Amino acid sequence: MQRRDFLKASAAAGAGILGAPHLAASQGQRVLRFAPQADLAILDPITTTGFVTRNHAFLVFDTLYGWDEQYRAQPQMVDAHAVEDDGRTWTMTLREGLRFHDGEPVRARDVVASLKRWGRRDQFGLALMAVVEEVTATSDRVLRWRLKQPFPLLPDALAKVGANVAFIMPERLANTDAAQPISEMVGSGPYRFVAAERVAGSRNVYARFEGYVPRAQGTASLLAGPKLAHFDRVEWLTIPDASTAAAALQRGEIDWWEQPTVDLLPVLRRGRGLKIETLDPTGAIGMLRFNHLHPPFDNVGIRRAVLGAVSQADVMTAVAGTDRALWQDGVGFFAPGSIMASDEGMQALTGPRDLAASRRALEEAGYKGEKVLLMAPTDFPAINAMSEVVGDVFRRLGMNLDYAAMDWGSALTRQANREPVERGGYSAFCTYTAGINQFNPAAHNFIRGSGLTATFGWSTSPRLEELRNEWLQSADDETRRRVGRDMQRQAFADVPYVPLGQFYQPTAYREDLSGVLKGLALFWNVRRG
């Protein structure tokens with residue numbers, strides 16, 4: 001099925017997506033049809049930080065630990081662990097019966113290889129691996145960590161929600177270079193990826209893995225507890241046009257639309273048989289990320305000039321409309337309500353926006369008319385809205401803007417390009433991350449100052465790195481709050497990115513679905529009826 005054929009089918013009055021209403025009805029109890037936030041262009045969750053890829057990966061792969069709704073790390077693939085030698089030795093035993101989709105048992109050496117690959121890409125993983133003396137498989141079910149110093153957040157690093165997640169895959173795949181995509185989607189999660197039914201840009205299919213062994217104890221809570229797959233199949237159907245997606249949901253042709261656009265929420269709320277819900281109470285935090293490797297944004301003075309020109313209220317209104325219940329401005333470098341959040345330096349964001357002063361600052365910083373290529377994904381509504389506002393700011397500042405409209409998959413691929421603009425690189429992009437990822441600097445990829453080992457954009461700040469390391473060794477909340485203030489002060493000086501505000505993204509699904517978990521789009525525990 002091609003995308004244009006799918007759109008025609010879903011737009012036809014009274015027609016079902018499958019073109020056969022009786023077949024759709026007979027399969028309804030066994031198939032969950034889902035419209036994701038954007039096209040699933042990249043399948044490997046280690047090579048990208050895109051949330052659409054992360055969500056797909058939670059179907060296919062499993063993790064050693066998982067955060068519950070209180071953001072506490074709970075054992076998942078791990079049956080039990082022991083900590084010895086004053087926190088320098090961890091021994092983890094895998095649950096019995098874990099098996100990959102290719103029929104092979106999950107062995108500790110698969111886990112070791114997976115964690116090493118993840119630890120070369122993820123910022124929390126990099127911090128962990130920096131204190132690892134060695135991690136080895138001592139038997140098929142047991143792995144042992146020997147640390148240079150205690151790392152009490154070890155389970156948290158392996159349990160975290162935000163990309164990149166420490167997913168476990170077979171050793172033969174995990175030995176792939178961390179910057180190169182794996183060749184197959186083989187995990188040990190509750191669903192198998194059906195590669196033969198993938199239609200790039202249109203459809204991805206997952207089949208329940210009959211060999212999956214859920215945890216026997218606990219209650220499903222975010223990534224923790226038993227992962228019970230109640231549907232035989234989950235079908236992801238890419239629907240780039242919002243009106244088409246809304247119509248398909250109202251007609252029952254899809255069961256779940258991950259991110260309905262704000263303008264269509266009133267229509268959906270009036271629709272019969274639909275439920276509108278915000279799954280993530282921490283919201284999403286937008287940001288304008290600079291490429292720090294090349295002009296003009298290798299110049300901190302130019303980054304500061306842009307910081308003084310951007311209005312969070314303008315950006316959030318474009319993303320989430322005029323209903324202030326759906327967004328807030330005055331958001332700094334850590335999530336509002338977290339221990340790390342403070343009012344330190346916030347005048348830089350909350351003070352009056354003065355375009356004339358920002359133009360002068362830009363000139364004084366030495367801007368010479370270099371091209372500014374802003375990647376702008378047109379098929380991702382929230383990020384597209386951010387990009388339009390930021391692009392307008394660049395124009396009003398007098399910058400030589402190349403507004404590069406593209407699809408989200410192309411933007412994700414281009415993010416990894418470290419070359420100058422003229423060789424396929426970029427200058428900046430807008431994105432967002434879950435608020436929970438900005439609760440602390442361990443999970444907060446974009447506040448890293450580690451240069452080429454930082455996430456896309458590659459910001460450098462020795463002082464931010466020093467403070468982050470201090471936080472990792474902190475033992476009490478008072479110290480963490482002080483470090484949070486110091487980090488925010490330094491971030492306003494270095495400007496690794498511009499915070500764009502916080503918004504709350506509702507999801508919409510048919511009300512005959514039950515068991516939808518809080519946090520993000522997850523597909524275990526969900527059932528019909």
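1. Aspartate 241 acts as the N-terminal cap of helix α8, with a side-chain oxygen 3.4 Å from the backbone nitrogen of serine 243. The model is a predicted one, and the cap should be read as a feature of that prediction. Helix α8 covers residues 242-250, and its buried residues are Thr244, Ala245, Ala246, Ala248 and Leu249. Just past α8, glycine 252 has a positive phi of about 80°.

2. One open sheet holds seven strands, ordered β10-β11-β12-β1-β13-β21-β14, and its pairing is mixed. Its edge strands are β10 and β14, the latter spanning residues 274-278, and each of the two pairs on one side only.

3. The β10 end of that sheet can be followed residue by residue. Strand β10 (residues 191-193) is antiparallel to strand β11 (residues 203-208), and three bridges link the pair. Within this pairing, arginine 192 sits opposite alanine 207 of β11. Strand β11 is in turn joined to β12 (residues 233-237) by five bridges, again in the antiparallel sense. Two partners in β12 may be checked: valine 205 is bridged to glutamate 235, and asparagine 204 to tryptophan 236.

4. Helix α3, made of residues 51-60, lies across β10, β11 and β12. The helix runs at about 165° to β12. With angles over 145 degrees counted as roughly antiparallel, α3 and β12 are roughly antiparallel.

5. A further open sheet has six strands in the order β16-β20-β15-β19-β17-β18, also with mixed pairing. β16 (327-328) and β18 (400-406) are the edge strands; each has a single partner strand, so one side of each lacks a neighbour in the sheet. For β16, the pairing with strand β20 (residues 497-503) is antiparallel and consists of two bridges. Tryptophan 327 has phenylalanine 503 of β20 as its bridge partner.

6. The packing of α10 against α17 deserves a look. The axes of helix α10 (residues 300-307) and α17 come within 8 Å and cross at roughly 105°. The two helices are therefore roughly perpendicular to each other. On the α10 side the contact is made by Val300, Arg303, Arg304 and Leu307, and on the α17 side by Phe492, Ala493 and Asp494. Sorted by class, this contact has four nonpolar residues, three charged residues and no polar ones.

7. Serine 474 belongs to the loop between α16 (462-472) and α17 (477-494). Its relative accessible area is 12%, and serine 474 is buried, because the limit for that label is under 20%. Its side chain makes a polar contact of 3.3 Å with the side chain of arginine 480. Setting aside neighbours within four places in sequence, serine 474 is in contact with Thr479 and Arg480.

8. Leucine 154 is part of helix α6, which comprises residues 154-159. The residue is buried, at 0% relative accessibility. Not counting residues up to four places away in sequence, leucine 154 touches Trp90, Met92, Leu128 and Trp145. Leucine 154 and alanine 73 are separated by 81 residues in sequence and by 9.4 Å in space, C-alpha to C-alpha.

9. Two cis peptide bonds should be inspected. The bond between alanine 163 and asparagine 164 is cis, with omega at about 0°. Asparagine 164 lies in the loop between α6 and β9 (167-168). The bond from proline 295 to proline 296 is also cis, and its omega is near 5°. Proline 296 lies in the loop between β15 (284-290) and α10.

10. Positive phi values also occur in residues other than glycine. Aspartate 86 has phi near 55° and is placed in the loop between β5 (78-84) and β6 (89-94). At a relative accessible area of 68%, aspartate 86 is exposed. Asparagine 525, not a glycine either, has a positive phi of about 75° and lies in the loop between β22 (513-514) and β23 (527-528). The relative accessible area of asparagine 525 is 22%, and the residue is partly exposed.

Terms used: Residues numbered from 1 in each chain as written. Predicted model: local features only at pLDDT ≥ 70, side-chain atom pairs only at ≥ 80, totals over all residues. Heavy atoms only, no water. Pairing = 2+ DSSP bridges. Helix = DSSP H or I, 4+ residues; strand = E, 2+ residues; numbered from the N terminus. Buried < 20%, exposed > 50% of the residue type's maximum accessible area, 1.4 Å probe, protein only. Polar contact = N/O pair within 3.5 Å; in protein donor to acceptor, adjacent residues only side chain to side chain. Contact = heavy atoms within 4.5 Å. Axes fitted to C-alpha atoms, helices over the stretch in contact; angles between N-to-C directions. Parallel < 35°, antiparallel > 145°, perpendicular 65-115°, else oblique. Nonpolar A, V, L, I, M, F, W, Y, C, P; charged D, E, K, R; others polar.
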